[in-house]
Amino acid sequence: DYNDIDRLVIKEWEATRSNKCCIVDFSKTLFFDWDSMYYFSGAYSLEEINKYLGRKVDSFTDIGDRVVFVNNGDIIRHYEWCKYFDGEPQGVVFSVNSNTFSIDKNKAIFLVQKKKNLYMLSFYNQ
């Protein structure tokens, strides 16, 4: 389900009962085996993503951001979503200074801040 990341982040937000921010550690909240996470903004084409990963992503929507989880070189999960909406933005977005990043499982910790119905994830520096 492409909304798993949204549900996970919202659940963590609600569990903190905070109006300011919360921390989401994907290594502790995602219950499947993975060792690396890759983020691609909607600026990346399927061809660019496949070249970057060195393996083929089968499912693709051309207008969305995506996260790909890899374990031992195999794509395990792939989520994509569109962050551009008519009207007020909502859902989860990665608020980083790059159109792409990769991160090891043990470093996949994000600060979540909320603005109305938009949950913005940025890198958490301990």
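Strands here are DSSP runs of E with at least two residues, numbered from the N terminus. With that in mind, welcome to a tour of this predicted model.

**Stop 1: the loop between E3 and E4**

Select asparagine 72, which lies in the loop between E3 and E4. Its phi is positive, about 50°, although asparagine 72 is not a glycine. Why does that deserve a look? Most residues other than glycine have a negative phi. Is asparagine 72 buried or exposed? Its relative accessibility is 64%, so asparagine 72 counts as exposed, the cut-off being over 50%.

**Stop 2: the loop between E7 and E8**

Now jump to lysine 116, in the loop between E7 and E8. Here too you will find a positive phi in a residue other than glycine, with a value near 55°. Colour by accessibility and lysine 116 should show as exposed, because its relative accessible area is 58%.

**Stop 3: the open sheet**

From there, bring up the open sheet of 4 strands. Its order is E1-E7-E8-E5, and the pairing is mixed. Which strands stand at the edges? They are E1 (21-25) and E5 (91-94); each has a single partner strand, so one side of each is left without a neighbour in the sheet. If you turn the view to follow the strands, the twist averages 30° from one to the next.

Zoom in on E5 and strand E8 (residues 118-123), which pair in the parallel sense over 4 bridges. For one pair to label, pick valine 93 and its bridge partner in E8, methionine 120.

Next, add helix H1 (residues 4-16), which packs on the sheet. H1 touches E1, E5, strand E7 (109-115) and E8. Draw the axes of H1 and E1, and their directions make about 130° with each other.

**Stop 4: helix H3**

Finish with helix H3, residues 46-53. Which of its residues are buried? Show the side chains of Ile49, Asn50 and Leu53. Looking down the axis, you will see them on the same side of H3, because they cover an arc of only 95°. Glu47 and Lys51, on the other side of H3, are exposed.

What do the buried residues of H3 pack against? Select strand E2 (36-40), strand E3 (65-71) and strand E4 (74-81) to display these partners. E3 and E4 bring you back to the loop that holds asparagine 72.

One last click: just after H3, glycine 54 takes a positive phi of about 75°.

Conventions. Residues numbered from 1 in each chain as written. Predicted model: local features only at pLDDT ≥ 70, side-chain atom pairs only at ≥ 80, totals over all residues. Heavy atoms only, no water. Buried < 20%, exposed > 50% of the residue type's maximum accessible area, 1.4 Å probe, protein only. Arc of directions from axis to C-beta. Contact = heavy atoms within 4.5 Å. Pairing = 2+ DSSP bridges. Axes fitted to C-alpha atoms, helices over the stretch in contact; angles between N-to-C directions.
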